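Visitor: Please give me a close look at the aromatic side chains in this one, ring by ring. After that, I would like to hear about the rest of the chain around them.

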Amino acid sequence: MGNLTKADLEREVTISFPEGAGMENYTWSIQKIMIGAVEHYSYHTGQIVYASKLLQAEDDHLLNNWKHYF
């Protein structure tokens with residue numbers, strides 16, 4: 001993958017959904033789409049870490065020295 005320029009990031013694209021999908025078409029910049037994807041998957045990463053901590057039988061530190069108390 002090559003380097004993205006500022007113009008690449010600012011370019012707007014239209015996301016279209018099939019008729020009857022229950023979603024409205026929208027136009028976003030490439031930058032907004034990339035940020036949205038990162039936000040989306042970071043949320044899922046948090047869910048995975050939270051579920052992993054809940055399923056641990058012992059009180060080991062899942063992320064080494066980063067202990068979060070609930």
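Guide: Let's begin with a term: a residue counts as buried under 20% relative accessible area, as exposed over 50%, and as partly exposed in between. With a relative accessible area of 27%, F17 falls between those two limits, so F17 is partly exposed. Please keep in mind throughout that this is a predicted model.

F17 brings us straight to the rings. Ring centres have to lie within 6.5 Å to make a pair, and by this rule there are two aromatic pairs. In one of them, F17 partners Y26, with 6.1 Å from centre to centre and 40° between the planes. An angle under 30 degrees would count as stacked and one over 60 as edge-to-face, so the 40° of F17 and Y26 makes the pair tilted. Y26 has a relative accessible area of 27%, so this ring residue is partly exposed too.

Y26 also pairs with W28, where the centres are 4.4 Å apart and the planes meet at 50°. That angle lies between the two limits as well, so the pair of Y26 and W28 is again tilted. W28 has a relative accessible area of 31%, which means that W28 is partly exposed. Put the pairs together and you have one aromatic cluster, made of F17, Y26 and W28.

Now for the surroundings. The protein chain has two helices and two strands, and from the N terminus on they follow the order α-β-β-α. Of the 70 residues, 4% count as buried. About 6500 Å² of the protein chain is exposed, with carbon and sulfur atoms supplying 57% of that area. Among contacts with a separation of 6 or more, 5% link residues 24 or more positions apart.

One buried residue is worth a stop. I30 is found in helix α2, and I30 is buried because its relative accessible area of 18% is under 20%. Beyond its neighbours within four places in sequence, I30 is in contact with D8, L9, R11 and V13. E12 is 18 residues away from I30 in sequence, yet the two C-alpha atoms are 6.1 Å apart in space.

Helix α2 covers residues 30-55, and L54 lies in it. Unlike buried I30, L54 is exposed, at 53% relative accessible area. L54 joins Y50 and L55 in a nonpolar patch on the surface, and together these three have about 370 Å² of accessible area.

Helix α1 spans residues 6-10 and holds K6 and E10, four residues apart, about one turn of the helix. These two form a salt bridge, with 3.8 Å between the closest N and O atoms, and the count of salt bridges comes to one. K6 is exposed, with a relative accessible area of 63%, whereas E10 is partly exposed at 46%.

So, back to your rings: F17, Y26 and W28 make up one cluster, and Y26 takes part in the tilted pair with F17 as well as in the tilted pair with W28.

Definitions and conventions: Residues numbered from 1 in each chain as written. Predicted model: local features only at pLDDT ≥ 70, side-chain atom pairs only at ≥ 80, totals over all residues. Heavy atoms only, no water. Patch = residues over 30% accessible without salt bridge, like charges linked within 9 Å, V, L, I, M, F, W, Y side chains within 5 Å. Areas by Shrake-Rupley, 256 points an atom, 1.4 Å probe, with all protein chains shown as cover. Salt bridge = Lys/Arg side-chain N within 4 Å of Asp/Glu carboxyl O. Buried < 20%, exposed > 50% of the residue type's maximum accessible area, 1.4 Å probe, protein only. Phe/Tyr/Trp six-rings, centres within 6.5 Å; stacked < 30°, edge-to-face > 60°. Contact = heavy atoms within 4.5 Å.
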